[in-house]
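Let's take a friendly walk through a protein model. Have the sequence and the 3D view open as you read.

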Amino acid sequence: MAAAKIAKKAPRTVAEDIVATLKKHDAFSKIDIAGPGFINLTVTDDFLAAHLKTIAADPRCGVPETGEGTVVVDYGGPNVAKALHVGHLRSSIIGDSVCRLMKFSGYHVLGDIHLGDWGTQMGMVISELQRRQPDLPHFDRDYTGPYPAEPVITLATLEEIYPAASAACKADEERMALARMATKELQDGRAGYRALWRDFLTVSTEGMKKNFAALGISFDVWKGESSVQDLIPPMVEELTHSGHAIKDQGAIIIPIEKNDDKKEVPPLILVKSDGAAMYSTTDLATIKDRMAAYAPDKIVYVIDQRQSLHIEQVFRAARLAGYAPENEVDLIFAGFGTMNGTDGKPFKTRAGGVLKLEDLIETGREKARARMEEAHVAEDMDAAEKEDIAQKIAVAALKFADLQNQRQSDYVFDIDRMTAFEGKTGPYLLYQAVRIKSLLRKANHIDSREAFVLTDIDRDLALLLTELPEVIEAALSHYAPHYLCDYAYRLAQSFSGFYNRCHILSEENDALRESRLALCAMTVRVLELTLSLLGIKIPDRM
RNA sequence: GUCCCCGUAGCUCAGCAGGAUAGAGCGCAGGAUUCCUAAUCCUGAGGUCGUGGGUUCGAAUCCCGCCGGGGACGCCA
């Protein structure tokens, strides 16, 4: 139809010409022109069977390796000293999936957690701690060290202090001033503050690693805002010298408006009027750092949609300063929507607080355990093996519930739906895969790659298996894992219907039985691959 | 005030580089298990795609206005 527009011919005429050519090929058993000019093609069983055989023999299931070059993915971004809560789920699991997808596609991927460890929140915690424990040597300016080797604070205390400090600063301008001052002094290298900061980092990183491990999320690089601290003074100097940065109202800013702007674009603040760096400073320096260290072809930011203006400012400044030349690197903002409660406002627990990530995961595990017991699954296994299955089910539920939403739109967080096991859920997908595994075990099936014999019952599933490459391409080009979710679900659903319509093991026709087993084997492979790109693992039984 | 996002079934969401009768899950009504894992499957009811214009042979999809909701807008991240 699009061709008709270009050719300036009636769509049906064009369709007829195309059909005439296609008829010369023997891949199609039926070619129809429908409606205003749609061409409906039906591939022959032989063609489809041969194609299946090809992708069955391919370790990549027919997906080409299209990625080239290095890409840095900036995701996770948890703040040091702050407990990981459900709000961190999105960035982490979307970013993780994007990394997996890009790695699979052939890119050299560096996933960077980019910790929030250099901003005012650090000063807030330091000044709050000073109120509570003024006797710590860290606050004594005359103290020359050494500071205790072991952290002087526990994770639990830190996680309690942070929200308290944050609230106090918000409510009280004086407290805020203290926090800013502490931030500035920390950045300037005050020894006691640095020692405290080191403790915060040690303690919270430990907690994060535990949480991320539970979710099966890993990062290639554990850098953060503070990683570029040494680059900041020379960068400011350089930008001031080159004229890109100017003094304004006591601060140093980079004006970034363009002549053809149709909207107001506020300048990027490079240095605050108190001399401290802020996240725009570290983000800009981080681009410089990444270019120097990795020379990436792309930098992808998987961060909150609400930061789009900030990130645009950083991108513009980086282009202007020449830190990220357009012909060298793509700067991509893959923003995600807010996680809201059922009331449409940003999610809070009933008590008004945040829901900690580990509590959410535990809720999922509990439900999984209960369900397993009810269904008498894995009763012969030991506790550790059972727990492993419960863990996989919980993680599948959580990740799939989140990832199936379109990345950029807000979504409603509902813990009951998030940990549901029926319908369009992670556990449903696992369940279908597990049924196939069980079937293949019973059949003692070795991947024989026999010729496929396709009947009407097999056809839908077979056709769906050939769709994988275009699904991956869509997910990749949009940095959008939900395309994978949609496909995995359609595949699982199609399999389930197939499984219901024919009894495979008792099929008397040997060739058909073998073909169906091969189709099942292919299905579980594709499912496993698709889910692996979502960061979801399949147990052997459930 | 400027800018961005969203508005699709009772609820939660897909679909939006224009295309055929707008899909899914949950919920609701009904049905399926002597057989490979029922965390399943099948059937049904349920929609002025917020609204009014425009572009087009054709609009949920693109453009403009309006209404409603959310968000961002120099020294928090």
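## A residue to start with

Threonine 363 counts as partly exposed, because its relative accessibility is 27%, and partly exposed covers the range between the buried limit of 20% and the exposed limit of 50%. Keep in mind as you look around that this is a predicted model.

Where does threonine 363 lie? You will find threonine 363 in helix α12, which covers residues 357-374. Now look for alanine 4: along the chain, threonine 363 and alanine 4 are 359 residues apart, and in space their C-alpha atoms are separated by 56 Å.

## The whole chain

Next, zoom out to chain A. Its secondary structure comes to 19 helices and eleven strands. If you draw a box along the principal axes, the C-alpha atoms of chain A fill roughly 90 × 65 × 40 Å.

Chain A has 542 residues, and 51% of them are buried. What about contacts along the chain? Taking the contacts in chain A with a separation of 6 or more, 76% come from residues that are 24 or more positions apart.

## Inside the cores

How many residues does the largest nonpolar core have? This core has 131 residues, and Phe200 and Leu531 are those with the most contacts inside it. Helix α19, residues 510-533, gives the most to this core, contributing twelve residues.

Let's stay with leucine 531 for a moment. Leaving out residues up to four places away in sequence, leucine 531 touches Leu429, Leu430, Ala488, Ile536 and Ile538. There is also a second, separate core, which has 34 residues, and Val72, Ile232, Ala318 and Ala321 are included in it.

## Two helices side by side

Two packed helices are described by the angle between their axes and the distance between the axes. Try this on helix α16 (residues 456-465) and helix α18 (residues 482-501): they pack at an angle of about 165°, and their axes are 10 Å apart. Angles over 145 degrees count as roughly antiparallel, so α16 and α18 are roughly antiparallel to each other. Is their crossing left-handed or right-handed? The crossing of α16 and α18 is left-handed.

Which residues make the contact? From α16 come Asp456, Ile457, Asp458, Asp460, Leu461, Leu464 and Leu465, while α18 brings Tyr487, Arg490, Leu491, Ser494, Phe495, Phe498 and Arg501. Sorted by class, the contact of α16 with α18 has eight nonpolar residues, five charged residues and one polar residue.

Key:
Residues are numbered from 1 along each chain as its sequence is written. Chains are lettered from A and ligands numbered from 1 in the order in which they are written. This is a predicted model: local features need pLDDT of at least 70, side-chain atom pairs count only at pLDDT 80 or more; totals for chains, interfaces and linings use all residues. Side-chain values use heavy atoms; hydrogens and water are left out. A nonpolar core is a set of buried Ala, Val, Leu, Ile, Met, Phe, Trp, Tyr and Cys residues joined through side-chain atoms within 4.5 Å. Buried means under 20% relative accessible area, exposed over 50%, partly exposed in between (1.4 Å probe, protein chains only). Helices (H or I, at least four residues) and strands (E, at least two) are DSSP runs, numbered from the N terminus. Contact means heavy atoms within 4.5 Å. Axes are lines fitted to C-alpha atoms, for helices over the stretch in contact, and angles run from 0 to 180 degrees between N-to-C directions. Angles under 35 degrees count as roughly parallel, over 145 as roughly antiparallel, 65 to 115 as roughly perpendicular and the rest as oblique. A crossing is left-handed if the near helix is turned anticlockwise from the far one by less than a right angle, and right-handed if clockwise. Ala, Val, Leu, Ile, Met, Phe, Trp, Tyr, Cys and Pro count as nonpolar, Asp, Glu, Lys and Arg as charged, and the others, Gly among them, as polar.
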